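Please open the model in your viewer and keep the selection tool at hand. The tour proceeds from the whole chain to one helix and then to a patch on the surface.

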Amino acid sequence: MPAPTPVAQDFVPYATAAIDFHRALNIPTGPLVASRAELDSLHEHLVALHGLLDAHTQRTAPLLPTEGDHLKAARTRLWQAATHLHAAYHASPRPDSGEVPGPEACRARLPEGAPALTVCRRHQETAQLVRRRTTPADLHTPFTGLVRR
């Protein structure tokens with residue numbers, strides 16, 4: 001039996017550990033409002049994870065359609081979660097003034113100004129990929145996965 005081929009370093013477990021460590025150190029027990037910076041960071045993380053799943057989906061789906069369907073469903077759910085984080089970001093008050101920016105600030109792509117927070121630019125760039133890879137029906141259906149046997 002041939003020896004298994006070496007695999008490139010897998011950094012995903014380190015990313016998971018870092019998130020767990022961040023939660024344990026930075027999120028106290030009891031009520032706490034997530035800051036806009038925290039929401040921006042979480043959005044960036046989900047978008048990066050979406051990109052990783054997209055890469056796996058694109059490579060896997062042609063070879064193993066059933067696994068590809070599940071990866072597509074996971075990718076879609078991650079985008080939906082990123083969309084909710086983007087909305088939560090805009091629903092939270094600005095740290096300097098306490099005001100909640102309107103939707104026109106998002107359309108400007110950098111509601112906080114560069115380089116502070118770029119959640120809208122990142123969201124719009126990822127939305128272009130999402131529009132190429134999914135249909136509106138995929139994004140709005142309560143169930144995003146096909147069941148193949």
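Of the 149 residues of the protein chain, 31% count as buried, that is, under 20% relative accessible area with a 1.4 Å probe and protein chains only, whereas exposed means over 50% and partly exposed lies in between. This is a predicted model, in which local features need pLDDT of at least 70 and side-chain atom pairs count only at pLDDT 80 or more, while totals for chains, interfaces and linings use all residues. Residues are numbered from 1 along each chain as its sequence is written, and side-chain values use heavy atoms, without hydrogens and water.

Colour the chain by secondary structure next. Six helices and zero strands appear; helices here are DSSP runs of H or I with at least four residues, strands are runs of E with at least two, and numbering starts from the N terminus.

Now select helix α2, residues 36-60. Its end C-alpha atoms are 36 Å apart, which agrees with the 36 Å expected for 25 residues at 1.5 Å a residue; the expected span is 1.5 Å times one less than the number of residues. Among the buried residues of α2 are Leu39, His43, Leu46, His50 and Leu53. To see what covers the buried residues of α2, display the helices α1 (12-26), α3 (65-91) and α5 (119-133), which are included in that cover; contact means heavy atoms within 4.5 Å.

Finally, stay on α2 and pick Leu49. Is Leu49 buried or partly exposed? Leu49 counts as partly exposed because its relative accessibility is 31%. Add Val12 and Leu52 to the selection: with Leu49 they form a nonpolar surface patch of about 200 Å² accessible area together. Such areas come from the Shrake-Rupley method with a 1.4 Å probe, and for residues only the protein chains shown count as cover. Patch members have over 30% relative accessible area and no salt bridge, with nonpolar side chains (Val, Leu, Ile, Met, Phe, Trp, Tyr) joined within 5 Å and like charges within 9 Å; a salt bridge is a side-chain nitrogen of Lys or Arg within 4 Å of a carboxyl oxygen of Asp or Glu.
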